[in-house]
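Work through the following exercises with the sequence and the structure side by side. Try each task yourself before you read its solution.

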Amino acid sequence: MTSSKWFRKGMKNGIPIAAGYFAVSFALGIAAKNVGMDAIQAGYMSVSMVASAGEFAAIGLIGSAAGILESILTSIVVNMRYFLMSVSLTQKLPEDVSPVHRFLLPLFVTDEIFGLSATVEGKLHPAYTYGIALPSISGWAAGTVLGVVVGNILPAWAGNALGVAMYGMFLAIIIPPAKVDHFIGLLVALSMGLSFLCSVLPYISKIGSGFRIILLTLILSALAAWIKPREVE
């Protein structure tokens, strides 16, 4: 397919993500307003960062009047998993893709955008990821701004309930490939179980969530590559 067709396909597939992002970022906007951020500040944060856990952590740090260095280091740790995702996606790009795309693509990586991009058959055309990102990031930023402007009109339980949409998106990304390859479904179930154990076990639960995700990703990826290696196309 041409670049324009890949881009349009990405936009079409990104619309459900945009709807889910809008719901989740609405709650983010409410939290941002509660620590004194205005719509412009919160909107800029969402456009430039595009990370739910990272932004909620940043808002918490702002609310507690944390220092700049502490805020930067915390954001790096919480968002470190995107580094691994970006490296994975750049390996999926065709060999003749320019370095510009290899550096630009990671700027649009989120959990859901990575999930859709990684499940493309064969090589990944960067236009597909850009197409997913356009409605997704727009929905994320719009929800954040609207949450700041009118969020406090909603009762607290309604704002919290909006976060359920994120889990629906994860299921929509995970279930189709798991139906085709049961090994993927097994890895998903194993990762969920290990993630829960790491959050409750002594000592391990004291490790930051960002580092726990990185460790589990490396361990499970290495295990999957060892048990069921795939030939390089």
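Contact, as the word is used in these exercises, means heavy atoms within 4.5 Å. Keep in mind throughout that the model is a predicted one.

**Exercise 1. Determine where tryptophan 140 lies, whether tryptophan 140 is buried or exposed, and which residues tryptophan 140 touches.**

Step 1. Begin with the position in the chain: tryptophan 140 belongs to helix H8.

Step 2. Next, turn to accessibility, where a residue is called buried if its relative accessible area is under 20%. Because the value for tryptophan 140 is 1%, this residue counts as buried.

Step 3. Now collect the contacts, setting aside residues up to four places away in sequence; tryptophan 140 then touches Tyr21, Val24, Ser25, Leu28, Ser46, Val50, Ala51, Ser52 and Glu55.

Step 4. Finally, compare sequence with space: valine 47 and tryptophan 140 are separated by 93 residues along the sequence, yet their C-alpha atoms are 7.7 Å apart.

**Exercise 2. Find which residues of H2 are buried, and work out how they are arranged around the helix.**

Step 1. The buried residues in H2 are Ala42, Gly43, Met45 and Ser46.

Step 2. Looking down the axis of H2, one finds that these buried residues fall within an arc of 155 degrees, and therefore they line one face of the helix.

Step 3. A general rule helps here: an α-helix has 3.6 residues a turn, so residues three or four places apart point the same way.

Step 4. Then examine the face of H2 that is turned away from the buried side, which carries the exposed residues Ile40 and Tyr44.

Step 5. To complete the picture, ask what covers the buried residues of H2; the cover includes H1, helix H3 (52–63) and H8.

**Exercise 3. Identify which residues touch the most other members of the largest nonpolar core, and which helix gives the most to this core.**

Step 1. The largest nonpolar core has 31 residues, and among these Leu124 and Tyr128 touch the most other members.

Step 2. Several helices take part, since helix H1 (3–34), helix H2 (39–49), H5, H7 and H8 each supply at least two residues of this core.

Step 3. H8 gives the most, with eight residues.

Step 4. Look more closely at tyrosine 128, which, when neighbours within four places in sequence are left aside, is in contact with Trp6, Lys9, Gly10, Asn13, Leu116, Ser117 and Val120.

Step 5. Threonine 129 also lies in helix H8, and threonine 129 is buried, with a relative accessible area of 0%. Not counting residues up to four places away in sequence, threonine 129 touches Leu105, Ile113, Ser117 and Leu124.

**Exercise 4. State how many salt bridges a search of the whole structure finds, and describe each pair.**

Step 1. The search of the whole structure finds three salt bridges.

Step 2. Take arginine 81 and aspartate 111, whose closest N and O atoms are 3.1 Å apart. This pair links distant parts of the chain, 30 residues apart, with arginine 81 in helix H5 (residues 81–92) and aspartate 111 in helix H7 (residues 111–118). Both arginine 81 and aspartate 111 are buried.

Step 3. Continue with lysine 123 and glutamate 95, whose side chains meet at 3.5 Å, N to O. Because lysine 123 lies in the loop between H7 and helix H8 (126–150), and glutamate 95 in the loop between H5 and helix H6 (99–104), the pair ties together parts that are 28 residues apart in sequence. Lysine 123 is partly exposed, at 30% relative accessible area, whereas glutamate 95, at 62%, counts as exposed.

Step 4. Aspartate 181 and lysine 228 form a salt bridge too, with their closest N and O atoms 3.1 Å apart. Aspartate 181 sits in the loop between helix H10 (164–180) and helix H11 (182–200), while lysine 228 is in the segment after helix H12 (209–227), 47 residues apart. With a relative accessible area of 14%, aspartate 181 is buried, but lysine 228, at 39%, is partly exposed.

**Exercise 5. Locate the nonpolar patch on the surface and decide which helix gives the most to the patch.**

Step 1. The patch is formed by Phe196, Leu197, Val200, Leu201, Tyr203, Ile204, Ile207, Leu215 and Ile219, which together have about 870 Å² of accessible area.

Step 2. H11 and H12 each supply at least two of the patch residues, and H11 gives the most, with three.

Step 3. As an example, valine 200 is found in helix H11 and is partly exposed, with a relative accessible area of 48%.

How values were computed:
Residues are numbered from 1 along each chain as its sequence is written. This is a predicted model: local features need pLDDT of at least 70, side-chain atom pairs count only at pLDDT 80 or more; totals for chains, interfaces and linings use all residues. Side-chain values use heavy atoms; hydrogens and water are left out. A salt bridge is a side-chain nitrogen of Lys or Arg within 4 Å of a carboxyl oxygen of Asp or Glu. Helices (H or I, at least four residues) and strands (E, at least two) are DSSP runs, numbered from the N terminus. Buried means under 20% relative accessible area, exposed over 50%, partly exposed in between (1.4 Å probe, protein chains only). Patches are made of residues with over 30% relative accessible area and no salt bridge: like charges are joined within 9 Å, nonpolar side chains (Val, Leu, Ile, Met, Phe, Trp, Tyr) within 5 Å. Accessible areas come from the Shrake-Rupley method with a 1.4 Å probe; for residues, only the protein chains shown count as cover. A nonpolar core is a set of buried Ala, Val, Leu, Ile, Met, Phe, Trp, Tyr and Cys residues joined through side-chain atoms within 4.5 Å. The arc is that of the directions from the helix axis to the C-beta atoms.
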